[in-house]
Amino acid sequence: MCGRATIIDPEGVEQIAVEFHKKFLPDDWKRPRYNIRPTEELPVLRVVDDALELTLLRWGLIPSWAKEPALKFPTFNARGDTLAEKPTYRGPFKNRRCLVLVDGFYEWPKKPSKDRRPRHIRFRDRRCFALAGLWDRWVDRATGIAVESCTIVTTDANELLASVPHDRMPVILDDAARRIWLDQTSDPARLASLLVPHSADDMEMLIANAEFVNHAIDDPRCVEPIG
DNA sequence: CCAGACGTTGTT
DNA sequence: GTCTGG
DNA sequence: CCAGACGTTGTT
DNA sequence: GTCTGG
């Protein structure tokens with residue numbers, strides 16, 4: 001699973017965008033983020049009308065057919081193995097795939113572990129990376145106001161996450177996989193082949209500070225050594 | 001046909 | 001919107 | 001993901 | 001316990 005994320009170095013987000021010949025980031029997004037939660041915005045790369053764009057989308061996918069934006073079920077993650085079947089995700093899987101750009105995420109030990117301290121998972125070189133994502137657009141019938149939102153695709157945990165212990169992790173896409181995921185013409189079987197756990201070889205994990213992460217405090221204390 | 005659901009993780 | 005269940 | 005609320009009538 | 005909100 002993946003229920004919190006970081007963008008400690010916003011320049012990394014722009015660097016990935018530049019690889020795709022795009023750049024952006026509103027000025028108010030150039031500050032480091034240590035504790036991004038569902039319902040807040042995440043930066044995503046997506047293709048709209050054949051044009052690649054970098055934008056911010058609400059984390060927690062609201063299906064286009066939803067009557068109300070407040071759903072009775074969680075949609076901040078989507079299981080990779082059932083994307084084509086689930087009513088909430090099959091449309092987005094076919095037509096609205098995106099890359100969610102972050103440089104770390106948190107996972108909590110699964111219950112009944114008494115250790116409730118979140119772990120911060122990232123690459124050793126702290127680089128920004130791309131998660132497989134889906135998005136959708138919901139329109140408020142009363143006001144005509146559109147809300148665009150996204151979800152993060154999950155897969156099995158790699159050995160690093162399994163050691164937490166934790167069973168799931170977000171799908172991390174490397175360079176070639178990013179292009180396939182965004183390619184409108186990729187077939188479902190090829191897309192499915194991308195939804196696997198990333199190697200733990202160049203990743204690292206630290207015990208984060210529950211006092212700050214749990215209470216949604218968005219500052220460096222989340223990932224500072226505990227002591 | 002219409003009504004109702006549409007989900008994840010983790011736990012059992 | 002689209003599928004499942006009754 | 002976790003934290004916090006969990007309610008009503010009527011009034012501003 | 002369960003749902004909503006961030």
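**Exercise 1. In this predicted model, work out how Arg-137 is placed and what its side chain pairs with.**

Start with exposure: Arg-137 has 39% relative accessibility, which makes it partly exposed. Next, look for a partner of opposite charge. Arg-137 makes a salt bridge with Glu-148, and the closest N and O atoms are 2.4 Å apart. Now place the two ends. Arg-137 sits in strand β9 and Glu-148 in strand β10 (residues 146-156), so the bridge ties together parts that are eleven residues apart in sequence. Finally, check the partner: at 19% relative accessibility, Glu-148 counts as buried, because the cut-off for buried is under 20%.

**Exercise 2. Find salt bridges that link distant parts of the chain, and say where their ends lie.**

Begin with the total: a search of the whole structure turns up 21 salt bridges. Take Asp-167 and Lys-110, whose side chains meet at 3.1 Å, N to O. Asp-167 is in the loop between α3 (159-162) and β11 (168-170), while Lys-110 is in the loop between β7 (104-107) and β8 (119-123); they are 57 residues apart. Then check both ends for exposure. Asp-167 is partly exposed at 47% relative accessibility, and Lys-110 is partly exposed at 38%.

Now try Glu-204, which forms a salt bridge with Arg-122; the closest N and O atoms are 2.8 Å apart. This pair also links distant parts of the chain: Glu-204 belongs to strand β13 (residues 203-207) and Arg-122 to strand β8, 82 residues apart. Arg-122 is buried, at 9% relative accessibility.

To finish, look for bridges that join up. Arg-31, Arg-33, Arg-37, Glu-40 and Asp-218 are linked in a network of salt bridges.

**Exercise 3. Arg-97 is buried yet has no salt bridge. What lies around its side chain?**

First, locate the residue: Arg-97 lies in strand β6 (residues 97-102). Second, test for a charge partner. The nearest side chain of opposite charge is that of Asp-183, at 6.0 Å; a salt bridge has to be within 4 Å, so this pair doesn't make the cut. Third, check the backbone: the oxygen of Phe-93 is 2.7 Å from a polar atom of the Arg-97 side chain. Last, go through the neighbours. Leaving out residues up to four places away in sequence, Arg-97 touches, among others, Arg-46, Trp-135, Trp-181, Asp-183 and Gln-184.

**Exercise 4. How many disulfides does the structure hold, and how are Cys-128 and Cys-222 placed?**

The count is zero. Go through the two cysteines in turn. For Cys-128, the nearest cysteine sulfur is that of Cys-2, 13 Å away. Cys-128 is buried, with a relative accessible area of 9%. For Cys-222, the nearest cysteine sulfur is again that of Cys-2, here 15 Å away. Cys-222 is buried too, with a relative accessible area of 0%.

**Exercise 5. Describe the largest nonpolar core and find out what Leu-45 touches.**

Get the size first: this core has 61 residues. Then pick out those with the most contacts inside it, which include Leu-42, Leu-45, Leu-99 and Trp-181. Next, ask where the largest share comes from: strand β9 (residues 129-139) supplies six residues. Now zoom in on Leu-45. Beyond residues up to four places away in sequence, Leu-45 touches residues including Ile-16, Phe-20, Leu-52, Leu-99 and Leu-182. As a last step, look for another core: a second, separate one of eight residues includes Tyr-106, Trp-108, Phe-212 and Val-213.

Technical notes. Residues are numbered from 1 along each chain as its sequence is written. Chains are lettered from A and ligands numbered from 1 in the order in which they are written. This is a predicted model: local features need pLDDT of at least 70, side-chain atom pairs count only at pLDDT 80 or more; totals for chains, interfaces and linings use all residues. Side-chain values use heavy atoms; hydrogens and water are left out. Helices (H or I, at least four residues) and strands (E, at least two) are DSSP runs, numbered from the N terminus. Buried means under 20% relative accessible area, exposed over 50%, partly exposed in between (1.4 Å probe, protein chains only). Lys and Arg count as positive and Asp and Glu as negative; His and the chain ends are not counted. A polar contact is a pair of N or O atoms within 3.5 Å; within protein, one must be able to donate a hydrogen and the other to accept it, and residues adjacent in sequence count only if both atoms are side-chain atoms. Contact means heavy atoms within 4.5 Å. A disulfide is a pair of cysteine sulfur atoms within 2.5 Å. A nonpolar core is a set of buried Ala, Val, Leu, Ile, Met, Phe, Trp, Tyr and Cys residues joined through side-chain atoms within 4.5 Å.
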